[in-house]
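Thanks for coming. I will take the ligand first, then some details of the rings and the backbone.

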Amino acid sequence: SAIEFDLDAPFTVEYHDSLPSTNARARELAAEGETDVAVIANEQTGGRGRLDRAWRSPPGGIWLSVLCRPDLPPAHAPVLTLAAAVAVTKTAREHGVEAGIKWPNDVLVGDEETKLAGILTEMEGEADRVSWVVVGIGINVDPTGLPEDATGLCAHVDDIDRRAFVQGLLERFDALRADPEGALAAWREHALTLDRRVRVTSGDETIVGTARDVEFPGTLVIATDDGPVRVHAGDCDHLRPA
Ligand code: BTX
């Protein structure tokens with residue numbers, strides 16, 4: 001099939017030519033008691049972003065979801081989204097694409113609002129420990145037919161070896177998930193959002209100020225005229241330059 005390639009990954013890998021959503025498939029596997037599985041599809045017919053937005057997933061992209069059961073309380077799980085963003089960014093740079101991270105969950109190329117990749121983390125669990133986490137990662141390869149503000153790896157480099165890309169990505173994610181503080185430090189190093197004027201909408205609220213820092217497990221600290229305001233990733237609807 002188009003997507004099947006032999007990976008030597010730190011996860012059990014399940015390939016599909018086409019799926020509605022790799023996150024939905026990973027959630028099924030979670031319900032069956034599985035863990036440490038990476039679900040990879042060549043195409044998604046019902047890919048999802050945050051807040052139930054649609055995620056365009058044409059054939060030939062990198063659409064994957066990692067299912068794991070980390071020893072973390074649900075409130076700390078956002079650090080895995082940061083870890084995934086770092087893994088995508090470092091791997092893209094290794095393949096010659098100058099990517100950077102926009103808080104909370106987007107990987108962009110260059111300074112512009114051109115989205116190379118998005119991450120959707122879902123979880124279930126009790127107050128003190130997650131039962132499972134699914135980290136869904138969508139990376140555009142061919143930008144044709146994607147939204148205008150999207151880009152793909154092939155817009156920046158001639159040739160992308162998806163097998164090598166996914167292999168590097170999964171290895172980095174595996175290392176970073178075991179090292180939340182390291183993931184946070186690496187996030188800061190690759191951030192496009194810090195020290196910029198931003199406008200964050202969160203429900204009915206709009207916060208305008210300068211993005212100063214990201215604190216564990218992924219909270220953005222914005223310096224406003226009224227002092228610092230902290231925004232949790234899950235509460236952010238949009239972040240735009242201000
Ligand atoms: P998000 O809610 O931050 O971004 C979704 C928004 O991005 C959409 O409303 C649309 O404007 C825009 N968009 C849609 N498709 C694309 C695209 N291919 N490239 C760039 N922009 C786009 C981001 O959500 C999280 C996306 C996670 C996707 C992965 S793919 C594997 C896994 N399975 C699944 O169903 N979702 C995840």
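**The ligand and its surroundings**

I start with one contact: a polar side-chain atom of Ser21 is 2.7 Å from an oxygen atom of the ligand. Keep in mind that this is a predicted model.

Arg53 also has a polar side-chain atom by a ligand oxygen, at 2.8 Å. With Arg56 the backbone is involved: one of its backbone N or O atoms lies 2.9 Å from a nitrogen atom of the ligand. On its own the ligand would expose 780 Å², and the protein buries 90% of that area.

As for where it is, the ligand sits in the largest pocket. Four elements give two or more residues each to the shell around the ligand: helix α1, residues 22–31, and the strands β3 (62–68), β6 (115–125) and β7 (130–139).

How many residues surround the ligand, and which are the closest? The count is 27, and the closest are Ser21, Arg48, Arg53, Arg56 and Asn140. Which element gives the largest share of that shell? That is β6, with four residues. Sorted by type, the shell has twelve polar residues, nine nonpolar and six charged.

**Aromatic pairs**

Next, the rings. Searching the whole structure turns up two aromatic pairs. I will describe one of them, Phe5 with Tyr15. Their ring centres are 5.7 Å apart and the planes meet at 85°, so this pair is edge-to-face. The cut-off for that class is over 60 degrees between planes. Phe5 belongs to the segment before β1 (12–19), while Tyr15 is in strand β1 itself. The two residues are ten apart, and the pair links distant parts of the chain.

**Backbone details**

Last, the backbone. As background, most peptide bonds are trans, and most residues other than glycine have a negative phi. Here are some exceptions.

Where are the cis bonds I want to show? One cis peptide bond joins Trp103 and Pro104, with omega about 0°. Pro104 is found in the loop between β4 (99–102) and β5 (106–109). Another cis bond joins Phe216 to Pro217, again with omega about 0°. Pro217 is in the loop that runs between β9 (205–215) and β10 (219–224).

Now phi. Leu51 is not a glycine, yet its phi is positive, at about 50°. Leu51 lies in the loop between β2 (37–44) and β3. Asp195, likewise not a glycine, has a positive phi near 65°. For Asp195 the location is the loop between α4 (180–189) and β8 (197–202).

To go back to the start: the ligand sits in the largest pocket, with 90% of its area buried by the protein. If you open the model yourselves, Ser21, Arg53 and Arg56 are among the closest residues to look at. That is what I have for today.

Definitions and conventions: Residues are numbered from 1 along each chain as its sequence is written. This is a predicted model: local features need pLDDT of at least 70, side-chain atom pairs count only at pLDDT 80 or more; totals for chains, interfaces and linings use all residues. Side-chain values use heavy atoms; hydrogens and water are left out. A residue is near a molecule or strand if one of its heavy atoms lies within 4 Å of it. A polar contact is a pair of N or O atoms within 3.5 Å; within protein, one must be able to donate a hydrogen and the other to accept it, and residues adjacent in sequence count only if both atoms are side-chain atoms. Accessible areas come from the Shrake-Rupley method with a 1.4 Å probe; for residues, only the protein chains shown count as cover. On a 1 Å grid over the protein atoms alone, a cavity is a set of points where a 1.4 Å probe fits but cannot get out, and a pocket is an open set with protein on both sides within 12 Å along at least five of seven lines; lining residues have an atom within 4 Å of a point. A molecule sits in a cavity or pocket if more than half of its atoms lie within 2 Å of its grid points. Ala, Val, Leu, Ile, Met, Phe, Trp, Tyr, Cys and Pro count as nonpolar, Asp, Glu, Lys and Arg as charged, and the others, Gly among them, as polar. Rings of Phe, Tyr and Trp (its six-membered ring) pair if their centres lie within 6.5 Å; planes under 30 degrees apart count as stacked, over 60 as edge-to-face and the rest as tilted.
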